[in-house]
Amino acid sequence: MDADEGETASMQDILEELDRYCHDRDAQGACDQEGDSEVRLNVYDMVQMNGYIAKLGIGAFHSGVEIYGREYAYGGHPYAYTGIYDVRPRTAGEVTGDTVKFRESINMGRTNMSRDEVVEMVRGLGRDYNGVAYHILNRSELLYYTCT
């Protein structure tokens with residue numbers, strides 16, 4: 001199956017969803033201007049044990065990149081279309097399972113890419129990062145994280 005077909009959202013669908021999200025948030029003054037968005041790395045605990053072992057600098061984590069009011073992450077599935085998905089920021093546990101809990105958000109700076117450019121970049125990455133290419137150690141969103 002092609003990355004542009006099947007169960008993946010079209011670029012137009014994603015742009016419309018971003019516009020709706022920002023329109024809803026604009027009343028509160030929370031949406032970034034086009035071509036200037038903060039970029040955050042959202043980190044999640046994948047296991048409850050992280051509360052104890054993270055103090056040793058180890059753990060099992062999930063991560064996603066938040067930009068323009070959406071959070072993008074990568075996960076595996078048995079199909080040859082994109083493994084990149086998007087969710088509302090800091091809600092990945094709703095998609096990945098009850099054991100995944102939001103830990104923290106790390107500010108990575110700002111981007112001057114437009115929303116359209118971000119969506120096109122994610123779409124391009126989805127061609128290489130498809131579901132069957134996912135590997136927990138070699139090709140994943142796995143973040144090796146050291147607690148301070």
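Helices (H or I, at least four residues) and strands (E, at least two) are DSSP runs, numbered from the N terminus. Keep that in mind as you click around, and note that this is a predicted model, in which local features need pLDDT of at least 70, side-chain atom pairs count only at pLDDT 80 or more, and totals for chains, interfaces and linings use all residues. Residues are numbered from 1 along each chain as its sequence is written, and side-chain values use heavy atoms, with hydrogens and water left out.

**Cartoon view**

Start with the whole protein. You should find four helices and five strands, in the order α-β-α-β-β-β-α-β-α from the N terminus on. Of the 148 residues, 36% are buried (under 20% relative accessible area; exposed is over 50% and partly exposed lies in between, with a 1.4 Å probe and protein chains only).

**Stop 1: Ser-37**

Select Ser-37 in strand 1, which covers residues 37-45. Its relative accessibility is 0%, so Ser-37 counts as buried. Now show the polar contact (a pair of N or O atoms within 3.5 Å; within protein, one must be able to donate a hydrogen and the other to accept it, and residues adjacent in sequence count only if both atoms are side-chain atoms). The Ser-37 side chain reaches the backbone nitrogen of Tyr-68 at 3.1 Å.

**Stop 2: Tyr-68**

Follow that contact across to Tyr-68, in the loop between strand 2 and strand 3. Is Tyr-68 buried or exposed? It is buried, with a relative accessible area of 3%. Check the backbone as well: Tyr-68 is not a glycine, yet has a positive phi of about 50°. Most residues other than glycine have a negative phi. The hairpin of strand 2 and strand 3 has two residues between the strands.

**Stop 3: strand 3**

Next, select residues 70-74. Five of the five residues of strand 3 are buried, so this strand is largely enclosed by the rest of the structure. In a regular strand the side chains alternate between the two faces of the sheet. Here both faces are covered: Arg-70, Tyr-72 and Tyr-74 sit on one side, Glu-71 and Ala-73 on the other, and all are buried.

Add the neighbouring strands, bearing in mind that two strands pair if DSSP finds at least two bridges between them.

- Strand 2 (residues 61-67) runs antiparallel to strand 3, joined by three bridges; Glu-66 has Glu-71 as its bridge partner.
- Strand 4 (residues 84-87) is also antiparallel to strand 3, over four bridges; there, Val-87 stands opposite Glu-71.

**Stop 4: the nonpolar core**

Which residues make up the largest nonpolar core? Select Val-39, Ile-67, Tyr-68, Tyr-72, Tyr-74, Ile-84, Val-118, Val-119 and Val-122, nine residues in total. Strand 3 and helix 4 (115-128) are the elements that give two or more residues to this core, and helix 4 has the largest share, with three. The core is a set of buried Ala, Val, Leu, Ile, Met, Phe, Trp, Tyr and Cys residues joined through side-chain atoms within 4.5 Å.

**Stop 5: the charged network**

Switch to the charged side chains. How many salt bridges does a search of the whole structure find? There are eight (a side-chain nitrogen of Lys or Arg within 4 Å of a carboxyl oxygen of Asp or Glu).

Zoom in on Asp-36 and Arg-110, whose closest N and O atoms are 2.7 Å apart. Asp-36 lies in the loop between helix 1 (11-26) and strand 1, while Arg-110 is in strand 5 (residues 101-111), 74 residues apart. Asp-36 is partly exposed at 35% relative accessible area, and Arg-110 is partly exposed at 47%.

Add Glu-38, which forms a salt bridge with Arg-40 at 2.6 Å between the closest N and O atoms. Arg-110 also forms a salt bridge with Glu-38, at 3.7 Å. Since Arg-110 lies in strand 5 and Glu-38 in strand 1, this pair ties together parts that are 72 residues apart in sequence. Salt bridges that share partners join Asp-36, Glu-38, Arg-40, Glu-66, Arg-90 and Arg-110 into one network.

**Last stop: Arg-90**

Finish on a member of that network, Arg-90, found in the loop between strand 4 and helix 3 (93-96). Arg-90 is not a glycine but has a positive phi of about 65°. At 37% relative accessibility, Arg-90 counts as partly exposed.
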